[in-house]
Amino acid sequence: MQVKQKWENGGMKMLQIKQDNERAKFAFEKVNKIKKMYENEEKKENENSSGNSIKNDKEGKDGDKKASKKNKYLIACKNAPSQMKVNGFGMTMAYLFSKEDSKPLYDDIVEWLNMKFYEKTGETVKGENFLKKIVSCNSSKYMQMSKETMSLLIWMKRFAEGMLK
């Protein structure tokens, strides 16, 4: 009996490690995508501006906006875990959805939750419809999604802090 219990606990730990690795991989891919997207835009801007010896003020401001979008994604990743602890899962998701700067993070979370909870049943939804799903789900599913989101956000925060500074 004890041997079986030890094996089951060991199996659970392996399953948890596998799930955590999946979260880490997903988070790394999403943060890396953001990083590359803004790096490519910066390269294009530098190539375009290298031919012009004089830059006008609008070009400088646009460059600042793009750099700040990358920074805003970093800030959203840093703040989301504490927002979840203070405000809860539903409120945090509604906040991320409502703010243009946080929309990419919201979309990443929704993609992950769809993969984990709804892809097998074919019920995947995006945008505002996902908020409707959160509001209408039972408390058990809500708690599972909340826990899964917090675990993902910890990885998102770690990678964003390391890759987007």
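**Notebook: two pockets and the packing of helix α4**

I began with the lining of the largest pocket, whose residues divide into five nonpolar, three polar and seven charged. I note that the model is a predicted one.

**Entry 1. The largest pocket**

I looked up the volume and found that about 290 Å³ of space lies in the largest pocket. I then listed the lining, which has 15 residues. Those nearest the centre of this pocket are K30, P104, D107, D108 and E111. Which element gives the most to this lining? I found that α4 does, with seven residues. I also recorded that α1 (2–50) and α4 (103–118) each supply at least two residues of the lining.

**Entry 2. The second largest pocket**

I turned next to the second largest pocket, which holds about 240 Å³ of space. I recorded 11 lining residues here, and Q16, Q19, R23, K147 and E148 lie nearest the centre. The elements that give two or more residues to this lining are α1, α4 and α6 (139–163). I noted that α1 gives the most to the lining of the second largest pocket, namely five residues. By class, I recorded three nonpolar, four polar and four charged residues in this lining.

**Entry 3. Helix α3 against α4**

I then examined how α4 packs against other helices. Helix α3 (residues 89–98) and α4 pack at an angle of about 130°, and their axes are 7 Å apart. Angles over 145 degrees would count as roughly antiparallel and those from 65 to 115 as roughly perpendicular, so I entered α3 and α4 as oblique to each other. On the α3 side of the contact I listed F89, M93, L96 and F97, which meet K103, L105, Y106, I109, V110 and L113 in α4. I recorded nine nonpolar residues, no polar residue and one charged residue in this contact.

**Entry 4. Helix α4 against α5**

What is the angle at which α4 and helix α5 (residues 128–136) pack? I found about 55°, with the axes 11 Å apart. I therefore entered α4 and α5 as oblique to each other. Their crossing is left-handed. The contact is made by Y106, V110, L113, N114 and Y118 of α4, together with F130, L131 and K133 of α5. I divided this contact by class into six nonpolar, one polar and one charged residues.

**Entry 5. Cross-check on α4**

I compared the two contact lists for α4. Y106, V110 and L113 are among the α4 residues that meet α3, and Y106, V110 and L113 also take part in the contact with α5.

How values were computed. Residues are numbered from 1 along each chain as its sequence is written. This is a predicted model: local features need pLDDT of at least 70, side-chain atom pairs count only at pLDDT 80 or more; totals for chains, interfaces and linings use all residues. Side-chain values use heavy atoms; hydrogens and water are left out. On a 1 Å grid over the protein atoms alone, a cavity is a set of points where a 1.4 Å probe fits but cannot get out, and a pocket is an open set with protein on both sides within 12 Å along at least five of seven lines; lining residues have an atom within 4 Å of a point. Grid points are joined across faces, edges and corners, and a volume is the space filled by probe spheres set on the points. Helices (H or I, at least four residues) and strands (E, at least two) are DSSP runs, numbered from the N terminus. Ala, Val, Leu, Ile, Met, Phe, Trp, Tyr, Cys and Pro count as nonpolar, Asp, Glu, Lys and Arg as charged, and the others, Gly among them, as polar. Axes are lines fitted to C-alpha atoms, for helices over the stretch in contact, and angles run from 0 to 180 degrees between N-to-C directions. Angles under 35 degrees count as roughly parallel, over 145 as roughly antiparallel, 65 to 115 as roughly perpendicular and the rest as oblique. A crossing is left-handed if the near helix is turned anticlockwise from the far one by less than a right angle, and right-handed if clockwise. Contact means heavy atoms within 4.5 Å.
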